[in-house]
Amino acid sequence: MAFTQVSKTKTASRSKRETVLSTFRRDYQLWLMIFPAIICVIIFNYVPMYGIQLAFREYDFTAGLTGGEWAGLKYFEQFFNSHLFWDLIRNTLLISITTIVVGFPAPIALALLVNQIRWKRGKRILQTTVYLPHFISIVVLVGLLNVMLSPNTGVLGLLLAKLGVEGNLLASVTAFVPIYVLSDVWQHVGWNSIIYLAALASVDPQLYDAAKIDGANKWQIIRNIEIPAIIPTIIILLILNMGSVISTGFEKIFLMQNSLNLPISEVIETYVYKTGIVSNQFSYAAAIGLFNTLINFTMLVIVNTIAKRVARISLW
Amino acid sequence: MASISIDKIKAKKPKDLLFDTFIIFFCLFIFFVVAYPIFFIVIASISDPTFVSTGQVLFLPKGFSLFGYEQIFADTRVWIGYRNTLFYALFGTFINLLFTLPAAYVLSRQEFRARRFLMFFFIFTMFFNGGLIPTYMLMRDLSLVDTPWVFIFNPLTVNVFNLIITRTFFENNIPHEMFEAATMDGCSHFKFFSTIVLPLSKAVTAVIGLYYLVGHWNNFFTGLIYIRDYNLQPLQIVLRDILLSNQVFAEGAGSGGTGGGYAQRYADQVKYGVIIVSSLPVLVLYPFIQKYFEKGVLIGSVKG
Amino acid sequence: MIISLVTIVACSNNSATEPQETEDGKTILTGLILKHALTKEVAEMEWLAEAEERAGVEIQWEEVSADWDQKKGAMLAGGDIPDIIIGPGAISDADFAQFTGVFEDLSPLIEEHGPNIQAMFEEQPLTEVLSTYPDGAIYGLSKYQRFWPETATMQFINQDWLDNLGLEVPTNWDELFDVLMAFKEEDANGNGDPNDEIPMDFAPIGEGGFGFFQPTVLLGSTGMTIVGGGGQGYFLEDGEVKNFFIDERYKEFVIFMNKLYANGLINDEAFTQDYSQYQAVARGEGDVAKIGYTFGWEKTDRFGLNIADQYQTFAPMQQSADSDDEVSWTYDYNQLNYGVNFAQISSQASDKEAAMRFINELYDPEVSLQVLFGSIGPNIEKTGDQSYKILPPEDEEMDPGTWKWTSSWADNGPMFISDEIDVELPVDMQDVEAQQEPFKQVFENLDQENDVFPGMMLKYSQEDQNQMTLVNTDFMNIAIAKFGEWVTSGGIEEEWDSYVQQVEQIGLPSNIEIIQTYYDDYIQQISE
């Protein structure tokens, strides 16, 4: 106790006189608080990481995961030389970037919108409703899309036909990405807005009062009070989102695939499933996985650096 | 919208009136767009599936039948699944929060020198992992396979995404002066965290608690890979099995059997019913959490 | 710290366990059964309890009916498997190759404790070929199901519609076109609406290749004999392995399909619907049928009880009235009646003899019949020493197929339905048999030896298998997508040459070459 009571008003990082040991003694409580999380991550996340080397080795069951013959970049080359490589990259990026561009701002807008509603019952009903679709399993969601978009019998299919969008959208190469992304937004926008609602809830009511006295209109309140309150959350989430720039969901795309949209719907994850997992090619699957990880991680580092320079917000 | 009284509207600036009208219409639009498919799921779960897949069920149930629900609840495993999932979700979330909240607090302290390194140390695991096989072997060697503990202690026990969210919240909403004032009063980190930070952070605790809880609730992969004893399986696995047992020969009479016309016919009904059965409990929970998102509720709690 | 933990993990190994016994002296084993989702819990199967009793074992079963691929990887790589694994292809040849030493070579055990299995090998020599791995060992046992028909895919046409419009059953593609046109233009089902008829429909096509109930059966009209509905296109012609995806005759077939599609004769949701929509649409509304020409396993299964009588199966068509190709059809007998790797024993099993005794029980013809149809008593009546009658479902609303799958392991179990026993089949199987009639002629003319691709008999080395999988994945991505595109929007004639070139560049010729080598070896092996 005594250590912390010696209130060091200067923050530690600025003080050069401190040694590692002395900060350790000062911060031992903090270390204790974070210790369980560190141990947990070491055991469950770091220990199995030796498996990464599988990407560079032949999988040999009898020799164990780390005992297989060294294959170097063989499996990476195999992937790069695949006839589908560029198609896969293009499709994957197209789908994931569209998802980010459309899907990222949507929950922010929704949260701000919901926050404007003053009728409490209505607000709660709307909130609960938009939160609901998150719990629909992917199998059912895709089934729902099939039923609703059916050009002959589906509600949406018939509606769109009236609006002049003819033909079977599920069979269309151009409609695949919009359907995928919009249904994704539909499903997760409410759920993803929760975090922004929580951030908005912590805005000091005095700020609102002050703004009203100043005669600010609603739009000015949103712009000058509410958006600044959620900006840190927005930036952090944006950085994290960019860290999945080359990842798409597997199951939904896999279930939405059909022979007509295949040119656009074959992505890295479905390819890994078809070549790697179904036929036990663990090394190949590991290599493609590692390739993905490296790209995602690089993106994260880049965006994080930019955010740090521009907005002084950084993940680490 | 009854409670918005006329007086209030009159008293407003014209610009705000326009703004409110826009908000109302937009909210109604969102409401119907989101609500209709859900409403559809509900009516589809009690309608004859042949009508559903031929597009004859649009706004009202047709060919009313509760067969789907009968199928689901006739299976005693559902109750075991509910019990298991309830335990895994509640106890698991408790452990998750116990590990995550203090760590997030520590990582939000500017004076903590290792914070940047540790942050990176955590984030690294979001991207790099050893894959399923080494993780399975680890779980086996820790004797967690086929025990309830594997649902509690696993690579997602500390979910780094949630950790970052919480840390960001602490950084932005716990004023630094507050800690300085507290230390003046002789307050330790432990005490400051539990008596000041936590009560101030009900919103974020509610959010990540919900994230963890729903994560446990929807988790079926852990059960699939690590559990062999059916009495330990979570609800999602049980429901998936029920769903599949009705969705006979979805790929055609692949294994050379005759298609089960009887069961096939009701597959979709069970499918929609399963959604309702599996998500209802989490839905019921939401309104209780919602109150933490009300404007000003937090500051009020500190003052009071 | 991390490194030391890794070492600990890497060094730990599981050791074989001592056999455990129940109080009354039965050996306790662990087992895993990959059963159909519909199948009831194995604990409720009387025949199984009896078989375990006779073998002197008690098995703790783990029952899996979904996502086995994902579960299997971790289980095998962890070396952590139950004593006995049962199920259709639950373990693949590729697994035997990759996870060497995990599974026991059963040959010595069969010799000592497997008289029923020996009997099967003797009566149905093919089962021995199917069970034997290239290195000569037997890791997984095959089955013999005996009663299943030559093809899983039959074509049905609505006879009532033909009668209403005064038309004949088509005998070639041109006539089929005319018939379908009439179905479309006129009010064939007589409900007053000339636009609600869907002339033709087929089952959803997977991205991994063709399967049952798909229009590829029409390739038979061009003289090709495909197997299993088409798969990835490999077939056999005069002892030569070929692939129809780059065959000129396939091009003609696609052109014909495009002609049908362009004229609005094919369900415009055929490429996007799922299987339950496919089934639901064919059931019509009340007594009004919606579909004119389609494919399925059996009439009542495909159309439901209300309108099944309107349909009838008909013989495979010729390509045109003057074509002299020998007409064929998809040949699925082997796939439906034999299967590979239905039962295997872990090399770590605590008591391998006991495990073998139990598996041997399953191959006893009387037990096998119960594996397939359910226990004697509720599901089967024993009418004589070697004769049995399969009983109808207890619940009258249930169809016999569902009853079978609910009651027992059914087609997923290992079995030897000996040709020696007499069995009165359930109605659904009798119906299938009757409806197969129009196809018999074609199969009688079939040159089994030189024109049926014995896909399941070929056991590839791991390297060849991996190589072929990579090529096939890329190849299917193009071929299936192009099929859909060409049928719905045309363009095959302009694109054909560049398509063939692209597919060959991906490596299809090398795959065909590999398969040809294995095929030749196989032919040599069985002729010895």
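Let me begin with one pair of residues in chain C, where Met200(C) stands opposite Tyr293(C), the latter belonging to β10(C). Please keep in mind throughout that this is a predicted model.

That pair brings us to the strands themselves: β7(C) and strand β10 of chain C, which covers residues 291-296, run parallel to each other where they pair, and two bridges join them. As a general reminder, strands of a sheet pair through backbone hydrogen bonds, in either a parallel or an antiparallel arrangement.

Where do β7 and β10 sit in the wider sheet of chain C? The sheet is open and has four strands, and reading across it the order is β7-β10-β6-β11, with mixed pairing. At the edges we find β7, residues 198-200, and β11, residues 311-313, of chain C, each of which has a pairing partner on one side only. From one strand to the next, the twist averages 30 degrees.

Let me now turn to chain A, for which I have the overall picture. Its secondary structure consists of 16 helices and zero strands. As for dimensions, the C-alpha atoms of chain A occupy a box of roughly 70 × 65 × 30 Å along the principal axes, and the radius of gyration of chain A is 25 Å, whereas a compact globule of 316 residues would have one near 20 Å.

How much of chain A is buried? Of its 316 residues, 41% are buried. Finally, if we take the contacts in chain A between residues at least 6 apart in sequence, 66% of those contacts join residues that are at least 24 apart.

Key
Residues are numbered from 1 along each chain as its sequence is written. Chains are lettered from A and ligands numbered from 1 in the order in which they are written. This is a predicted model: local features need pLDDT of at least 70, side-chain atom pairs count only at pLDDT 80 or more; totals for chains, interfaces and linings use all residues. The radius of gyration is taken over C-alpha atoms; the globule rule is 2.2 Å times the number of residues to the power 0.38. A residue is buried if 20 or more other C-beta atoms lie within 10 Å of its own, exposed if 12 or fewer, and partly exposed in between; C-beta atoms are placed from the backbone. Two residues are in contact if their C-beta atoms, placed from the backbone, lie within 7 Å. Two strands pair if DSSP finds at least two bridges between them. Axes are lines fitted to C-alpha atoms, for helices over the stretch in contact, and angles run from 0 to 180 degrees between N-to-C directions.
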